[in-house]
Amino acid sequence: MEEASASGNHSYSGSPITNIAQDHLLTILLLLPIDAIFSLSMTCKRLRAITSSDTLWKYLCKRDLGSSCVDALINSNSSSSSSSSIHNNNHHNNHHQFSWMRLYKQVYKMDSVTCHRFSEPQHGQLDFPSARASHSLNFVSNCLVLFGGGCEGGRHLDDTWVAYIGNDFRSMLRWQAVNSTSPSGRFGHTCVEMGDFLVLFGGINDRGNRQNDTWVGQVTYNENHSVAFSWKMLDVGAVAPPPRGAHAACSIDDKRMLIHGGIGLHGLRLGDTWVLEFSDSRCFGTWHQIVAQPSPAPRSGHTLTCIGQSRTILFGGRGLGYEVLGDVWMLDTCQGYLKWVPILYDLQGIPHSVSLPRVGHTATMVLGGRLLIYGGEDSYRHRKNDFWVLDVSAIPCTSMQHSTMSSSKRVKDKNMWKRWRSSGYEPLCRSFHRACVDHSGRFLYVFGGMVDGFLQPAEPSGLRFDRELFLVELVLQLRD
């Protein structure tokens, strides 16, 4: 607060606000939404000065983007020219190169991504994951962790790969195969980040057997700074969800994981919801089912994403009649309140919305509190390479309205969905790939999936498995 105290020596007359200490004014402003702050800036000279100060905007960035996200954003940009300006401002207070207000505004003006292609592995290269789909890919402890998936011939994979990222996010990664006890081979499983751990559940093997086991994985660093990874089956007692694959999952917080739907025994699509709660030691977990009406229809190949404030968004998938869905549901778990609420929106009012329903896509929370949807396929198995953003701030919060809340919420904001532009490298259209984001929320890693192939006798569908890894960068203009 040194900057605040220094600027608080100015005298502004004609308003009772001159009697409020500078630190107290900053505290009050940080309790207000951004629109209210802009409105107050027009009321008097003192508030105009405070609301344009770099100190306030630094705290607003940390409040609305998250301190860990801002710190990671600074670190991940330290090797570029724009990151130099951030780094210099953070340590040397160089306002001519960078301002926190500009960062804040640029984040909320974002409307495009640029894709970067990593160098392709050489033919026959062994230290690189093979082509696959319906695998898992996670960013944890500054590493990418890839496990399992399906490959040519309907076979499953049981390998685990780790690649250290650090701040060198554009370099060709050095993958390392993990030689240790691991879950059995499978595809269509889920694997989510919970703090410094990964939690894997379910999946299907190449004999068609569905799984319902739960595993915990963790990255460790050896004395020589090399990366290691270990899996351990979690003891969950006698109660567990029915076996399944192609379900959706996400972590609600560092101790709870949510799953929904999937394909169960005999190919039946499921519509049940379960929560796994960890013990403090993470040595034991307890599953319990959430029974609520209304609830999302049975489906597979959909996504679950925690959007913060104990809220989770479900999107898309393939339904009982094999139809591809484009509906949005929200589950609020605040204060023990558990109820699914459909989020209704006018599809016809959204440009290009005919391409919005999909299955086999990814949905990732990125910088600025946005849900980034990438890829997938439609009812005709046409694969996609488009980017859509769901603005979660347009979705009403239900936790304040539990007693009077209706069974659905209609969103009239036409900007709830927006298609983002893409530049740079153009990846192939794909589905059943996997994606994960780094701690800054700005860099998305995408690996594998099903892509269009050349029609050959061995490939009557014209599909092939892919082994490409590429980077999706959210475009920020941090300097003039």
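How many bridges join strand E1 to E27, and in which sense do the two strands run? The answer is 5 bridges, and strand E1 (residues 112-117) and E27 run antiparallel. Keep in mind as you explore that this is a predicted model. Below, we visit strand E27 and its partners, then two open sheets, and finally helices H5 and H8.

**Strand E27 and its partners**

- Strand E27 covers residues 463-474, and it is mostly covered, with 10 of its 12 residues buried.
- To see the pairing with E1 up close, find Cys115, whose bridge partner in E27 is Val472.
- Strand E26 (residues 443-452) also pairs with E27, in the antiparallel sense and over 9 bridges.
- For an example from that pairing, look at Val451, which stands opposite Arg464 in E27.

**The open sheet E2 to E5**

- This open sheet has 4 strands, in the order E2-E3-E4-E5, and the pairing is antiparallel.
- Its edge strands are E2 (136-140) and E5 (175-177), each of which pairs on one side only.
- If you ignore direction, neighbouring strands of this sheet are turned by 25° against each other on average.
- Inside the sheet, strand E3 (residues 143-151) and strand E4 (residues 155-164) run antiparallel and are joined by 8 bridges.
- A handy pair to locate is Leu146 and Trp161, since Leu146 stands opposite Trp161 in E4.

**The open sheet E10 to E13**

- Here, too, 4 strands form an open sheet with antiparallel pairing, and their order is E10-E11-E12-E13.
- Strand E10 (248-251) and strand E13 (285-290) stand at the edges with a single partner strand each, so one side of each has no neighbour in the sheet.
- Neighbouring strands of this sheet are turned by 20° against each other on average, with direction ignored.
- Strand E12 (residues 269-278) runs antiparallel to E13, and 6 bridges join the two.
- One pair to look for is Thr273 and its bridge partner in E13, Ile290.

**Helix H5 and its residue Asp54**

- Does the length of H5 fit, and what should its 12 residues span at 1.5 Å a residue? They should span 16 Å, and the end C-alpha atoms are 16 Å apart, which agrees.
- The buried residues of H5 are Asp54, Thr55, Leu56, Trp57, Leu60, Cys61 and Leu65.
- A general rule helps when you look at such a list: an α-helix has 3.6 residues a turn, so residues three or four places apart point the same way.
- Asp54 belongs to helix H5, which covers residues 54-65.
- Although Asp54 is buried, it has no salt bridge. The nearest side chain of opposite charge is Lys58, 7.9 Å away, whereas a salt bridge needs the charged atoms within 4 Å.
- Asp54 does have a polar atom of its side chain 3.0 Å from the backbone nitrogen of Trp100.
- Just after H5 comes Gly66, which takes a positive phi of about 100°.

**Helix H8 and its residue Val107**

- Helix H8 covers residues 100-109, and Val107 is found in it.
- Is Val107 buried or exposed? Val107 is buried, with a relative accessible area of 0%.
- Val107 and Leu476 are 369 residues apart along the chain, yet their C-alpha atoms are separated by 6.7 Å.

Technical notes. Residues numbered from 1 in each chain as written. Predicted model: local features only at pLDDT ≥ 70, side-chain atom pairs only at ≥ 80, totals over all residues. Heavy atoms only, no water. Buried < 20%, exposed > 50% of the residue type's maximum accessible area, 1.4 Å probe, protein only. Lys, Arg positive; Asp, Glu negative; His and termini not counted. Polar contact = N/O pair within 3.5 Å; in protein donor to acceptor, adjacent residues only side chain to side chain. Pairing = 2+ DSSP bridges. Axes fitted to C-alpha atoms, helices over the stretch in contact; angles between N-to-C directions. Expected span 1.5 Å × (residues − 1).
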